Amino acid sequence: MYAPYDQAPPLITTVKIVISGGFGVGKTTLIGSISEIEPLVTEAAMTEAALGVDDVFAVDKTMTTVALDFGRITVDDSIILYLFGTPGQDRFMFLWDELVEGALGAVVLVDTRRIQDCYPAVDYFEERGIPFLLAVNHFDGGLRYDVAEVREALDVGFGVPVIECDARHRSSVKQVVARLVQEVLSVRMAAAR
Amino acid sequence: MVRPYLMTGGRTRPVTDGLRFETLVFAKPAALHAPLKYESRRIVELCQAPRSMAEIAGTLGIPLGVAQVLVADLMTGNIVTIQEATEVTVAMLERILDRVRAL
C-alpha cells in the first residue's frame with residue numbers, strides 16, 4: 001500500500017481574480033504580462049446549460065469544449081493568486097458562474113473602439129455585487145475616448161474605478177491588479193465599520 | 001489521438017464534487033511509487049508542488065472535466081489530497097497588495 005498522508009499538507013490560500021471583457025480585448029495579453037507561468041489554456045466541457053444555445057453544440061455535447069486561459073502569481077509561501085480570463089463570446093457566459101464563484105474581484109477590460117462589448121461583463125458583476133474596475137486598454141492608434149467619457153458611456157457609479165492601462169506592459173498590469181486589490185480592501189474595511 | 005473517455009474509463013463525472021478551477025492538489029513523494037496509468041502518474045508528478053486543477057488540466061493538455069475525474073480517483077485512493085478554499089482575510093489582502101506592487 002501507499003503511505004497515506006501522515007501529515008497535513010501546507011496550508012495555502014488560493015485567491016482568484018477574474019479578467020473579463022469582450023472578445024479580443026486583450027485578456028490573454030494582460031494575464032501573460034503579469035503571470036509567473038506561461039499562460040496556460042485549459043478546456044472546460046459544455047454543460048447541460050449550453051444545450052439549445054447553439055445547434056452546433058447539440059451535435060456532440062461531450063466533445064464541445066471552450067478554452068479558458070489563466071496565470072499565476074505566488075504571493076508568498078501561503079498565498080497563490082490566480083488570474084482567470086472569462087471566455088469572450090457571450091454564448092459561453094454560462095461558464096462564468098463557476099469561474100467567478102469565490103473570486104476576490106474582477107477586472108473588466110474595455111476597448112474604446114467597441115465599448116459595448118464589455119456591457120455583459122459590467123452587468124454581470126454589478127448584479128452580483130462583485131467588486132470590479134474598468135481598465136481601458138490602450139490599443140495602437142490611441143484612445144478615442146477619455147476615462148470620463150468611458151464612465152459616462154457605461155453609466156457605472158463613481159464607486160467603480162475607471163483606469164487606463166496597457167495590457168502588454170507588466171508595470172501597467174501591476175497597477176491594474178493592485179488597484180483592484182485596493183478596491184476589495186476598501187470594500188472590506190467599509191463593511192467592517 | 002486519445003479520446004478523453006479512454007483516460008477516465010468512460011466516466012464523465014468525478015466521484016467527488018468540489019474540484020474547482022483554483023482547487024489546489026498535492027501529492028506526497030511516496031505517491032510517485034503508486035502503479036498509476038499515464039495521466040494519473042503525470043498528475044502525481046506535477047503535484048509534488050501544489051497545483052491548481054486549472055494548471056493540471058492546462059499542463060497535461062486535458063479538459064478540466066477529465067482532470068476532475070482523475071484527481072477525484074486519486075483522492076479516493078489516498079494518493080493526492082486537496083486544499084479546501086479558505087477565507088481571504090484583510091491581512092492577506094494587504095500582503096497580496098504589497099507583493100503585486102513589488103512585482
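Reader: How many residue pairs are in polar contact across the interface of chain A and chain B?

Author: The rule finds 13 such pairs, both residues at pLDDT 80 or more. A polar contact here is a pair of N or O atoms within 3.5 Å; within protein, one must be able to donate a hydrogen and the other to accept it, and residues adjacent in sequence count only if both atoms are side-chain atoms. Keep in mind that this is a predicted model, where local features need pLDDT of at least 70, side-chain atom pairs count only at pLDDT 80 or more, and totals for chains, interfaces and linings use all residues. Residues are numbered from 1 along each chain as its sequence is written, chains are lettered from A in the order in which they are written, and side-chain values use heavy atoms, with hydrogens and water left out.

Reader: What makes Arg72(A) and Glu55(B) a salt bridge?

Author: The term needs a side-chain nitrogen of Lys or Arg within 4 Å of a carboxyl oxygen of Asp or Glu. Arg72(A) and Glu55(B) meet at 2.4 Å, N to O, so the pair qualifies. Across this interface the rule finds four salt bridges.

Reader: Why does the pair Asp76(A) and Arg95(B) join two chains?

Author: Asp76(A) sits in strand β3 of chain A and Arg95(B) in helix α5 (residues 90–102) of chain B, so the pair links the two chains. Their side chains form a salt bridge at 2.9 Å, N to O. Helices (H or I, at least four residues) and strands (E, at least two) are DSSP runs, numbered from the N terminus.

Reader: How much area do chain A and chain B bury between them?

Author: About 4200 Å², 66% of it on carbon and sulfur atoms. Buried area is the accessible area (1.4 Å probe) that two parts lose on being put together, summed over both. The contact (heavy atoms within 4.5 Å) takes 49 residues from chain A and 43 from chain B.

Reader: Why are α2(B) and α4(B) called roughly perpendicular?

Author: Helix α2 (residues 38–46) and helix α4 (residues 64–76) of chain B pack at about 70°, with their axes 10 Å apart. Angles under 35 degrees count as roughly parallel, over 145 as roughly antiparallel, 65 to 115 as roughly perpendicular and the rest as oblique. α2(B) and α4(B) are therefore roughly perpendicular. Axes are lines fitted to C-alpha atoms, for helices over the stretch in contact, and angles run from 0 to 180 degrees between N-to-C directions.

Reader: And what makes α1(A) roughly perpendicular to α6(A)?

Author: Their axes cross at roughly 100° and come within 8 Å, so α1(A) is roughly perpendicular to α6(A) too.
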